[in-house]
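Trainee: Could you take me through one part of this protein in detail? I'd like to look closely at a single helix and then see what else is worth finding.

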Amino acid sequence: MPSVIAILFDMDNTLLDFVRYKRETAKAAAKAMVAHGLPATEQEAYNRIFKVYQEKGIEYQKTFYDVVAPYNLELNKAEKIQHAGIIAYQKRKFEVLKPYPGVKETLATLRRRGFLLGIVSDAPRNKVWDRLIMSGLEDMFDVVVSHSDTQQLKPHPTPFQLALKQLKVSASHVLFVGDDPSRDIKGAKALGMKTALAKYGETWKKHKDLCDSADYHLERIGDLLKLL
Ligand SMILES: [Mg+2]
């Protein structure tokens, strides 16, 4: 792809194994909440956490409050259980938020080859930086666009356009890499970027009908080095 000078990445489930992160932290939180008196099994507590994520979104900030509230417990007991969940989650997250195998090496190689690199994420700005720092990727990118910057979610064109503006490149010189055909690939393609679908995560499976719309499929992040 001789015309490509910049590569934009989605973050969660493209660079970072976010599904594993959410599962492992939920497991730890469920265990701690039950140990502190939540009248449920660990499996029930775990399922309730994911039910809240499903209803309120994966970036919802009051998940553990919502998990405990329906039990109508006395206030101090409820807050003890809620905060036991929060602390267990926080403690576990540093251990489990990791890039997929090969991500660091691939990004370093692309930088060495002179490509401009950027992130376009639907996560809020503070979460983007938390996750990049926890996974050791914070120095790899020339631009970082988060949901906080435009208040729009992919596939809306605005977040993609902001990244282009900051990189000072036109869409035809950009390859976009993401795991969600309905957001990443659709949005990038609509602006005229080339697109690569990360098929090592789990999201693409929910949109199998849309997968063929991507120009390239990546079985691992390192496949990018063969394309470029
Ligand atoms: Mg993603």
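Mentor: Sure, and let's start with a word we'll need: two residues are in contact when they have heavy atoms within 4.5 Å. Keep in mind that this is a predicted model.

Now find helix 2, residues 42–56. With 15 residues at 1.5 Å a residue, helix 2 should span 21 Å, and its end C-alpha atoms are indeed 21 Å apart, so the two values agree. Next, which residues of helix 2 are buried? They are Ala45, Tyr46, Ile49, Val52 and Tyr53. Look down the axis of helix 2 and these buried residues fall within an arc of 120°, which means they line one face of the helix. What do they pack against? Their partners are helix 1 (18–35), helix 3 (63–68) and helix 4 (75–96). Over on the other side of helix 2, Gln54 and Glu55 are exposed. Right after the helix comes Gly57, with a positive phi near 100°.

Helix 1 turns up again at the largest pocket, which holds about 840 Å³ of space. Of the 25 residues lining that pocket, the closest to its centre are Asn13, Phe18, Ile58, Asp180 and Arg183. Helix 1 gives the largest share of the lining, 4 residues, while helix 9 (181–190) supplies at least two.

Finally, find the magnesium ion: its protein donors are Asp10 (OD), Asp12 (O) and Asp179 (OD), lying 2.1 to 2.2 Å from it. Along the chain, these donors follow the spacing D-x1-D-x166-D. Both Asp10 and Asp12 are buried.

How values were computed. Residues are numbered from 1 along each chain as its sequence is written. This is a predicted model: local features need pLDDT of at least 70, side-chain atom pairs count only at pLDDT 80 or more; totals for chains, interfaces and linings use all residues. Side-chain values use heavy atoms; hydrogens and water are left out. The expected span of a helix is 1.5 Å times one less than its number of residues. Buried means under 20% relative accessible area, exposed over 50%, partly exposed in between (1.4 Å probe, protein chains only). The arc is that of the directions from the helix axis to the C-beta atoms. Donors are N, O and S atoms within 2.8 Å of the metal (3.2 Å for Na, K and Ca); water is not among the atoms, so sites may look incomplete. On a 1 Å grid over the protein atoms alone, a cavity is a set of points where a 1.4 Å probe fits but cannot get out, and a pocket is an open set with protein on both sides within 12 Å along at least five of seven lines; lining residues have an atom within 4 Å of a point. Grid points are joined across faces, edges and corners, and a volume is the space filled by probe spheres set on the points.
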